[in-house]
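Q: I am new to this structure and would like a close look at one part of it. Please start with which residues are hidden there, then follow the part outward to what surrounds it.

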Amino acid sequence: MVSYRELIGFLWKFIRRQKWTFFAIFLLDSLAWPSDILIWPYILNLVIDIFTRFEGDRAAAWQALQPLIIGGIGLVLFVETASRSMGFLLGKATPKMQAAIRLEMFDHVEHHSPRYFNERFAGSLANKITDMTTQAELIIQQLFWPIVPALVACLAGTVILWFIHPIFSYIFGAWIVVHLTVILTFTRSIDVRKHRH
């Protein structure tokens with residue numbers, strides 16, 4: 001069984017060949033999704049406050065809402081542009097990474113003896129090389145889409161809650177620590193049980 005350290009080292013070998021592209025993907029992903037989920041509630045809160053403040057004079061409320069409307073449109077444009085740019089960069093980087101993995105694995109297999117090929121089916125080796133490229137892509141996509149943005153959103157949420165009231169920040173931070181501890185503690189055993197099931 002391959003350790004996490006070996007897996008990360010294997011993936012990093014191919015990611016660093018396109019480090020600036022993957023850095024841009026990481027940056028866009030770390031900004032777009034957390035901005036979307038953290039800023040929209042704040043904008044809605046301000047809209048409600050404005051309508052409450054100008055309950056009698058709706059025309060004045062629309063005047064006060066203009067900056068928020070412009071900010072909301074800007075947020076939508078930013079999130080959509082960042083998401084589409086990230087998709088474009090992933091579409092550009094992923095095939096290059098898959099090709100590099102295939103070439104390296106074929107090069108590795110070529111250095112084995114004829115006995116190695118006699119004991120293993122050539123089709124099985126080709127399938128394993130294809131599976132490796134597919135699984136490497138899935139791991140990187142899982143890292144970039146749900147994991148990194150969620151961690152950034154948790155960190156930003158903790159900071160935002162600190163400015164509202166520190167006790168909320170402590171509660172949220174404690175929940176994050178407990179949640180991540182449970183996930184990291186039981187992930188391996190759950191994965192084994194899932195495959196058995």
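A: The buried residues of helix 6 are S169, G173 and I176. Buried here means under 20% relative accessible area. The model is predicted, and helix 6 runs through residues 166-196.

Start with the length of helix 6. It has 31 residues, so at 1.5 Å a residue it should span 45 Å. Its end C-alpha atoms are 45 Å apart, which agrees. Yet helix 6 also bends, by about 50° at T187.

T187 turns up again in the largest pocket. That pocket holds about 1800 Å³ of space. It is lined by 34 residues, and T187 is among the closest to its centre, along with Y4, L7, I139 and I147. So where does the lining come from? Helix 1 (4-15), helix 5 and helix 6 are the elements that give two or more residues to it. Helix 6 gives the most, with 12 residues. By class, the lining has 24 nonpolar, 6 polar and 4 charged residues.

Now move to the second largest pocket. Its space comes to about 220 Å³. Of the 12 residues in its lining, those closest to the centre are M105, H108, V109, I129 and M132. Three elements, helix 1, helix 3 and helix 5, each supply at least two lining residues. The lining divides into 8 nonpolar, 1 polar and 3 charged residues. Helix 1 and helix 5 also give two or more residues to the lining of the largest pocket.

Helix 5 leads on to enclosed space. By the rule used, the count is 1 cavity of 30 Å³ or more. About 30 Å³ of space lies in the largest cavity. Its lining is made up of F22, L90, T94, M97, E137, I140 and Q141. Helix 5 (122-164) gives at least two residues to that lining, and so does helix 3 (58-110). By class, the lining has 4 nonpolar, 2 polar and 1 charged residues.

One of those lining residues, F22, is a way into helix 2. Helix 2 covers residues 19-53 and has 35 residues. From first C-alpha to last it reaches 50 Å, close to the 51 Å expected at 1.5 Å a residue. There is a kink in helix 2 too, of about 35°, centred on S35. Where helix 6 bends by about 50° at T187, helix 2 has its kink at a residue that is itself buried. The buried residues of helix 2 are T21, F22, I25, D29, S30, A32, P34, S35, I43 and I50. F22 is thus both buried and part of the cavity lining.

Helix 3 and helix 1 are also joined by charge. Side chains of opposite charge can pair when their charged atoms come close. The count of salt bridges here is 3. In one of them, E104 pairs with K13, and the closest N and O atoms are 2.1 Å apart. E104 is in helix 3 and K13 in helix 1, so this pair links distant parts of the chain, 91 residues apart. Both partners are partly exposed: E104 has 26% relative accessibility, and K13 has 31%.

E104 has a second partner. Its side chain meets that of R17 in a salt bridge at 3.1 Å, N to O. R17 lies in the loop between helix 1 and helix 2, so the pair ties together parts that are 87 residues apart in sequence. R17 counts as partly exposed, with a relative accessible area of 48%. K13, R17 and E104 are linked in a network of salt bridges.

The remaining pair is E80 and R84. Their closest N and O atoms are 2.7 Å apart. Both lie in helix 3, 4 residues apart, about one turn of the helix. How accessible are the two? E80 counts as partly exposed, at 36% relative accessibility. R84 is exposed, with a relative accessible area of 55%.

Back to the starting point. Helix 6 has S169, G173 and I176 buried, bends at T187 and gives the most residues to the lining of the largest pocket.

Terms used:
Residues are numbered from 1 along each chain as its sequence is written. This is a predicted model: local features need pLDDT of at least 70, side-chain atom pairs count only at pLDDT 80 or more; totals for chains, interfaces and linings use all residues. Side-chain values use heavy atoms; hydrogens and water are left out. On a 1 Å grid over the protein atoms alone, a cavity is a set of points where a 1.4 Å probe fits but cannot get out, and a pocket is an open set with protein on both sides within 12 Å along at least five of seven lines; lining residues have an atom within 4 Å of a point. Grid points are joined across faces, edges and corners, and a volume is the space filled by probe spheres set on the points. Ala, Val, Leu, Ile, Met, Phe, Trp, Tyr, Cys and Pro count as nonpolar, Asp, Glu, Lys and Arg as charged, and the others, Gly among them, as polar. The expected span of a helix is 1.5 Å times one less than its number of residues. The bend at a residue is the angle between axes fitted to the seven residues ending there and the seven starting there. Buried means under 20% relative accessible area, exposed over 50%, partly exposed in between (1.4 Å probe, protein chains only). A salt bridge is a side-chain nitrogen of Lys or Arg within 4 Å of a carboxyl oxygen of Asp or Glu.
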